[in-house]
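These are my notes from going through one protein model. I wrote down what I looked up, in the order I looked.

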Amino acid sequence: MKTHASRMAIATILGAAAIVGGIGLTISSAWLITMASQHPPILVLSVSIVLVRFFGISRSVARYAERIVSHESVFRRLTDLRVKLFEKLADRTLLIARDLNSGNYVKAIVDDVERAQEYQLRVTLPRYSAYTSVAFGLLVAFWIYPELLVILLPIALGLLIAIPSIATKKLSSQSSLIEEIENQYAREISEVNYGIVESQIYGYKDRLLEKMHKIEREIASAEKALLETVRTLQFVTLLLLGFSIVATAFLMYQARIDSNLPAVKISMAIFLPLVIFEGVTTWYPNLFISGKLLRAQRAIDSMSKGAGL
């Protein structure tokens with residue numbers, strides 16, 4: 001467990017470094033382009049040229065290393081967890097048969113374990129990488145022009161805390177409802193298959209099929225509700241991102257008029273909102289579809305504690 005945690009911590013740092021590299025690449029490129037337009041001596045541009053190369057290379061290297069470390073750690077953890085759960089199942093066969101639903105146990109070993117590890121890979125790791133990269137971006141904003149924090153800090157809090165909290169609560173409950181209905185649908189299919197011939201002979205096949213169609217409509221309705229929630233969260237996210245860009249541009253325009261802010265700082269500040277939330281846009285697509293993954297993670301955590309893993 002400690003090895004897995006340490007590897008995931010390293011993967012998180014590498015993921016954050018890749019996003020930080022993207023921020024540094026964009027900001028240093030903005031500085032280089034703006035400063036080059038003023039035709040300064042080449043030595044003035046040499047530092048930014050080196051920084052552009054450094055951030056461009058380090059971003060790719062960090063992303064590649066993060067994928068190797070995280071995937072290796074997750075797959076090792078997946079294998080170890082399945083083996084230990086199988087051992088628990090073998091040691092307590094009679095107890096499980098009496099007290100637990102063995103079908104649920106098999107589902108947990110086959111399906112939930114994989115979903116739980118995918119949750120760590122697709123949601124947990126990008127979340128901490130987003131935290132780190134946004135914090136770095138806010139420090140850069142403070143260095144460029146402290147008043148930028150008036151715009152970027154509230155948006156960062158909304159994107160890192162408010163929306164994920166709503167998504168986790170709302171989407172998790174909706175996904176759990178969908179899975180319960182799907183499980184009911186699977187049980188109904190199994191029962192209908194046993195009696196389909198008799199129902200056709202004695203004339204009550206339509207009643208059985210109508211029951212199936214009713215559950216199908218419930219699944220479709222629940223899926224539409226989930227999709228509507230995702231669309232709403234995506235719309236709010238786009239509004240916040242768009243507002244950060246427009247508000248920053250307006251603030252820089254006012255700063256140029258009021259305090260004659262250097263053009264190089266204005267260009268860096270305008271480019272910053274385009275990249276500071278890159279970690280969030282990487283994290284959100286998986287977060288919005290993570291309801292079943294989160295449910296599986298909680299189920300595996302509960303089973304792992306019971307097994308003393």
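I began with Ser133, which I found in helix α4. I take helices from DSSP runs of H or I with at least four residues, and strands from runs of E with at least two, numbered from the N terminus. The model is predicted, so I kept local features only at pLDDT of at least 70 and side-chain atom pairs only at pLDDT 80 or more, while totals for chains, interfaces and linings use all residues. Residues are numbered from 1 along each chain as its sequence is written, and side-chain values use heavy atoms, with hydrogens and water left out.

Is Ser133 buried or exposed? I noted a relative accessible area of 0%, so Ser133 is buried. The term buried means under 20% relative accessible area, exposed means over 50%, and partly exposed is in between, with a 1.4 Å probe and protein chains only.

I then looked for a polar partner of the Ser133 side chain. One of its polar atoms lies 3.1 Å from the backbone oxygen of Ala130. Leaving aside neighbours within four places in sequence, I listed Ile19, Val20, Ile23 and Gly279 as contacts of Ser133. Contact here means heavy atoms within 4.5 Å.

Next I stayed in α4, which covers residues 102-144, and looked up Leu121. Leu121 has a relative accessible area of 11%, so I entered it as buried. Beyond neighbours within four places in sequence, Leu121 is in contact with Ser70, His71, Val74 and Pro126. I also checked Leu121 against Asn286, which is 165 residues away along the chain: their C-alpha atoms are separated by 9.8 Å.

Gly279 had come up as a contact of Ser133, and I found it again among the buried residues of helix α8 (residues 278-287). The buried residues of α8 are Gly279, Val280, Trp283, Tyr284 and Leu287. Seen down the axis of α8, they fall within an arc of 120 degrees, so they line one face of the helix. The arc is taken from the directions from the helix axis to the C-beta atoms.

For α7 (residues 263-275) I checked the length. At 1.5 Å a residue, its 13 residues should span 18 Å, and the end C-alpha atoms are 19 Å apart, which agrees. The expected span is 1.5 Å times one less than the number of residues. I listed the buried residues of α7 too, including Leu272 and Pro273.

Which residues have the most contacts inside the largest nonpolar core? I noted Leu152, Phe277 and Phe288, in a core of 49 residues. The elements that give two or more residues to this core are α1 (2-36), α4, α5 (149-202), α6 (205-259), α7, α8 and α9 (291-307). The largest share, 11 residues, comes from α5. A nonpolar core is a set of buried Ala, Val, Leu, Ile, Met, Phe, Trp, Tyr and Cys residues joined through side-chain atoms within 4.5 Å.

I followed Leu152 further. Leaving aside neighbours within four places in sequence, its contacts include Leu138, Ser244, Leu272, Pro273 and Phe277. Apart from the largest core lies another, of five residues, among them Met8, Ala11, Val74 and Leu121.

Thr237 lies in helix α6. At 8% relative accessibility, Thr237 counts as buried. Outside four places in sequence, Thr237 is in contact with Leu159, Ile163, Tyr284 and Phe288.

Glu179 is in helix α5, and with a relative accessible area of 3% I entered Glu179 as buried. The C-alpha atoms of Glu179 and Ile219 are separated by 8.8 Å, with their positions 40 residues apart along the chain.

Last, I looked up the totals. The protein has nine helices and zero strands. Buried residues make up 40% of the 309 residues. Of the contacts with a separation of 6 or more, 83% are between residues 24 or more positions apart.

Definitions and conventions. A polar contact is a pair of N or O atoms within 3.5 Å; within protein, one must be able to donate a hydrogen and the other to accept it, and residues adjacent in sequence count only if both atoms are side-chain atoms.
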